[in-house]
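Visitor: I would like to take a close look at a single part of this structure. Could you choose one strand and lead me through its surroundings with some care?

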Amino acid sequence: MTAPHYGDTAEHLGHRWRRVDTLPRLLAEGWRRDLAEGGVVSALLTPAGWSVAAPVYEIIAGNYLGDVGLYVPEVQYAEALELLGFEEDVSAGEDPLSLDV
């Protein structure tokens with residue numbers, strides 16, 4: 001079984017969404033909570049499809065916990081990065097989520 005590929009952008013519900021990162025489901029759910037508290041809409045793309053709400057009991061019951069794509073509406077992308085503490089540097093052509101070591 002190969003890991004699913006999550007593109008940088010996707011169409012969902014008639015809108016363009018941009019991937020913030022690909023990460024394990026539990027971590028992504030935590031980031032989604034942080035984004036929601038800051039007023040940014042988010043959704044997860046799992047191998048089974050889009051997930052816009054995941055009650056805790058659903059996660060505990062054994063749903064997919066592997067890597068998922070965390071997406072936000074493209075118009076809220078910069079705001080999402082700011083809320084998560086990342087800087088967007090599109091002029092340099094670098095990945096905004098890369099860390100300086």
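Guide: What follows is a walk around one strand, its partners and the cores beside it. Please keep in mind that the model is predicted.

The strand is β5, which covers residues 67-73, and 6 of its 7 residues are buried. Two strands pair with β5: β2 runs antiparallel to it and is joined to it over 7 bridges, while β3, also antiparallel, is joined to it by 3 bridges. Within the pairing with β2, L23 stands opposite V68 of β5, and on the side of β3 the bridge partner of L45 is G69.

V68 also leads us to T46, a residue of strand β3, since V68 is listed with Y6, R25 and Y64 among the residues that T46 touches, leaving out those up to four places away in sequence. T46 counts as buried because its relative accessibility is 11%, which is under the 20% limit.

Next come the cores. The largest nonpolar core has 15 residues, and those touching the most other members include L70 and V72, together with V20, W31, L35 and L84. Besides β5, the elements β2, α1 and α3 each supply at least two residues of this core, and α3 gives the most, with 4 residues. From L35, if its neighbours within four places in sequence are set aside, contacts reach L70 and V72 as well as V40, S42, A80, L83 and L84. A second, separate core of 6 residues includes Y71, along with Y6, A43 and L45.

Note on methods
Residues numbered from 1 in each chain as written. Predicted model: local features only at pLDDT ≥ 70, side-chain atom pairs only at ≥ 80, totals over all residues. Heavy atoms only, no water. Core = buried A, V, L, I, M, F, W, Y, C linked by side-chain atoms within 4.5 Å. Buried < 20%, exposed > 50% of the residue type's maximum accessible area, 1.4 Å probe, protein only. Contact = heavy atoms within 4.5 Å. Pairing = 2+ DSSP bridges.
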